[in-house]
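Could you walk me through this structure, one selection at a time? I have it open in my viewer and would like to know what to click on and what I will find there.

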Amino acid sequence: MGERRGLLLVYTGNGKGKTSAAIGTAFRAVGQGLKVLMVQFIKGSWHYGELDAGKMLGDSFQIRVTGRGFVKIGTEKPGPEDVELAERGWTEAVAAMHSGAYDMVILDEVNYAIHYGMLSAERVVADLRARPEHLHVICTGRNAHPLLVEAADLVSDIREIKHHYKKGVKAQRGIEY
Ligand code: ATP
Ligand code: MG
């Protein structure tokens with residue numbers, strides 16, 4: 001076994017699988033006895049399966065939801081309320097990173113929050129660089145900011161080749177939510 005070193009992972013791109021990849025990594029980490037926190041920066045309209053599955057894992061996998069829901073792209077710009085919620089979520093996430101309670105922190109949709117101006121990329125990257133050395137962090141969401149890409153140890157760009165939505169298949173329980 002090698003030396004323990006905290007990594008910064010980014011899952012981005014327009015294909016489906018970013019949050020799923022983060023949860024898959026969390027599942028693996030929990031199996032290794034690591035403690036994981038997932039902070040969701042954008043709340044979806046569904047009740048996601050991972051919220052309940054997380055509870056089944058006890059203290060090993062915690063999820064905190066912040067944000068008021070999807071800001072519809074193109075039709076609605078994030079308002080002051082969204083900015084405030086994202087900032088509060090970020091402050092909480094930074095505190096959690098320094099609490100010593102977690103080995104891995106997932107910042108789900110933090111890329112979205114940055115892209116839509118709810119969080120400053122400079123600030124996020126500075127805080128990530130200043131995190132405890134052992135801590136793994138996973139950032140998800142489309143349009144990863146270049147500063148975050150530069151700071152990351154690993155970046156995977158998940159590209160859409162096909163998606164069942166395109167042929168009219170609705171979101172399926174256990175796949176989408
Ligand atoms: P998942 O949570 O399923 O891993 P994701 O995190 O990669 O997806 P998001 O950008 O967070 O994707 O979008 C969340 C929702 O949008 C999911 O229900 C997903 O199925 C759907 N979705 C993701 N990618 C696409 C796509 N290319 N076309 C249509 N819908 C998509
Ligand atoms: Mg996602």
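Here is a short tour of this predicted model, going from the sheet to the helices and then to some charged pairs.

**Stop 1: the sheet**

Start by showing the strands as a cartoon. In what order do the six strands stand in the sheet? Reading across, you should find β3-β2-β4-β5-β1-β6, an open sheet with parallel pairing. Now select residues 61-65, which are β3, and residues 154-157, which are β6. These two strands stand at the edges with a single partner strand each, so one side of each has no neighbour in the sheet. Turn the view to look along the sheet and you can follow its twist, which averages 15° from one strand to the next.

**Stop 2: β1 and its partners**

Next, select residues 8-12, strand β1. Four bridges join β1 to β6, and the two run parallel. To see one position in this pairing, pick T12: it stands opposite D157 in β6. Then look to the other partner, β5, which also runs parallel to β1 and is joined to it by four bridges. Here, click on L9 and find its bridge partner in β5, I138.

**Stop 3: β5**

Keep β5 selected; it covers residues 136-140. Is this strand largely enclosed or left open? Five of its five residues are buried, so β5 is largely enclosed by the rest of the structure. Show the side chains and sort them by direction: H136, I138 and T140 point one way, while V137 and C139 point the other way. Both groups are buried. β5 also pairs with β4, again in parallel and through four bridges. For an example, select V105 and look for its bridge partner in β5, V137.

**Stop 4: two helices across the sheet**

Now add residues 18-31, helix α1. This helix lies across β1, β2, β3, β4 and β5, and runs at about 165° to β4. Then add residues 80-98, helix α3. Helix α3 lies across β2, β3, β4 and β5, and its angle to β4 is also about 165°.

**Stop 5: a salt bridge within α3**

Stay with α3 and show the side chains of R88 and E84. They form a salt bridge, with the closest N and O atoms 3.0 Å apart. How far apart are these two residues in the helix? They are four residues apart, which separates them by about one helical turn. R88 is partly exposed, at a relative accessible area of 47%, and E84 is partly exposed with 47% as well.

**Stop 6: two more salt bridges**

The model has seven salt bridges in total, so there are others to visit. Select D153 and R5, whose side chains meet in a salt bridge at 3.5 Å, N to O. D153 lies in the loop between α6 and β6, and R5 in the segment before β1, so this pair ties together parts that are 148 residues apart in sequence. D153 is partly exposed, with a relative accessible area of 41%, whereas R5 is exposed, at 53%.

Finish with E160 and K166, another salt bridge, at 2.8 Å from N to O. Which of the two counts as exposed, and which as partly exposed? E160 counts as partly exposed at 27% relative accessibility, and K166 counts as exposed at 65%.

How values were computed. Residues numbered from 1 in each chain as written. Chains lettered and ligands numbered in written order. Predicted model: local features only at pLDDT ≥ 70, side-chain atom pairs only at ≥ 80, totals over all residues. Heavy atoms only, no water. Pairing = 2+ DSSP bridges. Axes fitted to C-alpha atoms, helices over the stretch in contact; angles between N-to-C directions. Contact = heavy atoms within 4.5 Å. Buried < 20%, exposed > 50% of the residue type's maximum accessible area, 1.4 Å probe, protein only. Salt bridge = Lys/Arg side-chain N within 4 Å of Asp/Glu carboxyl O.
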